[in-house]
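Subject: Structure handover and notes

Dear colleague,

I am passing on the structure we spoke of, and my notes on it follow below. Please read them with the coordinates open beside you.

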Amino acid sequence: ATGVDRFVGAGMIGFSLIVFIYYTLWVIVMPFIDKDLAIQQFFLPRAYAVLIPIVAGVVLLLILSKKASYMDIHLS
């Protein structure tokens with residue numbers, strides 16, 4: 001792999017790690033912290049903790065199904 005590939009891969013791993021840590025704190029830790037503390041302002045309401053993954057999953061499935069149907073039509 002080239003240096004650019006390694007740099008992009010490291011960036012993707014770093015981004016995924018940040019998202020994982022943020023989501024874990026948001027879903028597991030923040031419900032036990034008082035709502036009036038300043039740290040709460042850095043997190044969305046908890047309803048989004050369910051809504052965002054559902055929307056992302058639906059979008060992913062739509063993209064994959066469109067890609068699969070496109071490949072089925074043009075490869076046959």
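I39 counts as partly exposed, because its relative accessible area is 41%, a value that falls between the 20% limit for buried residues and the 50% limit for exposed ones. The residue is found in the loop between α1 and α2, and, once residues up to four places away in sequence are left out, I39 touches M30 and I33. Please bear in mind here, and in everything that follows, that this is a predicted model.

Q40 lies in that loop as well, between α1 and α2, the latter helix running over 47-75. Is Q40 buried or exposed? With a relative accessible area of 16%, Q40 is buried, because the limit for that class is under 20%. Leaving aside residues up to four places away in sequence, Q40 is in contact with M30, I33, D34 and K35. M30 and I33 are thus touched by I39 and by Q40.

Turning to helix α1, which covers residues 3-29, I looked at three of its residues. Y23 has its place in this helix and, at 33% relative accessibility, counts as partly exposed. V29 also belongs to helix α1, and its relative accessible area of 33% makes it partly exposed. A10, again in helix α1, is partly exposed with a relative accessible area of 48%, which still lies under the 50% that would have to be passed for the exposed class.

Y23 and V29 both contribute to a nonpolar surface patch of about 700 Å², whose other members are L17, F20, I21, L25, V27 and I28. Both can be counted there because a patch residue must have over 30% relative accessible area, and Y23 stands at 33%, as does V29.

Two C-alpha separations may help you to orient the model. V29 and F43 are 14 residues apart along the chain, and their C-alpha atoms are separated by 11 Å. A10 and R46, by contrast, are 36 residues apart in sequence and 30 Å apart in space, C-alpha to C-alpha.

As for annotation, the UniProt record, an unreviewed entry, assigns "transmembrane region" to residues 7-33 and 45-64. In the model, the chain over residues 7-33 is 85% helix and 0% strand, with its end C-alpha atoms 37 Å apart. The span of residues 45-64 is 90% helix and 0% strand, and the C-alpha atoms at its ends lie 29 Å apart.

Finally, some values for the chain as a whole. Its secondary structure amounts to two helices and zero strands. The radius of gyration of the protein chain is 19 Å, whereas a compact globule of 76 residues would be expected to have one near 11 Å, and along the principal axes the C-alpha trace spans about 60 × 35 × 15 Å. Buried residues account for 7% of the 76 residues, Q40 being one of the buried residues. The accessible surface of the chain comes to about 6700 Å², and 77% of it belongs to carbon and sulfur atoms.

With best wishes

Definitions and conventions: Residues are numbered from 1 along each chain as its sequence is written. This is a predicted model: local features need pLDDT of at least 70, side-chain atom pairs count only at pLDDT 80 or more; totals for chains, interfaces and linings use all residues. Side-chain values use heavy atoms; hydrogens and water are left out. Patches are made of residues with over 30% relative accessible area and no salt bridge: like charges are joined within 9 Å, nonpolar side chains (Val, Leu, Ile, Met, Phe, Trp, Tyr) within 5 Å. Accessible areas come from the Shrake-Rupley method with a 1.4 Å probe; for residues, only the protein chains shown count as cover. A salt bridge is a side-chain nitrogen of Lys or Arg within 4 Å of a carboxyl oxygen of Asp or Glu. Helices (H or I, at least four residues) and strands (E, at least two) are DSSP runs, numbered from the N terminus. Buried means under 20% relative accessible area, exposed over 50%, partly exposed in between (1.4 Å probe, protein chains only). UniProt positions are given in the numbering used here, feature names are shortened, and annotations may be inferred rather than shown by experiment. Contact means heavy atoms within 4.5 Å. The radius of gyration is taken over C-alpha atoms; the globule rule is 2.2 Å times the number of residues to the power 0.38.
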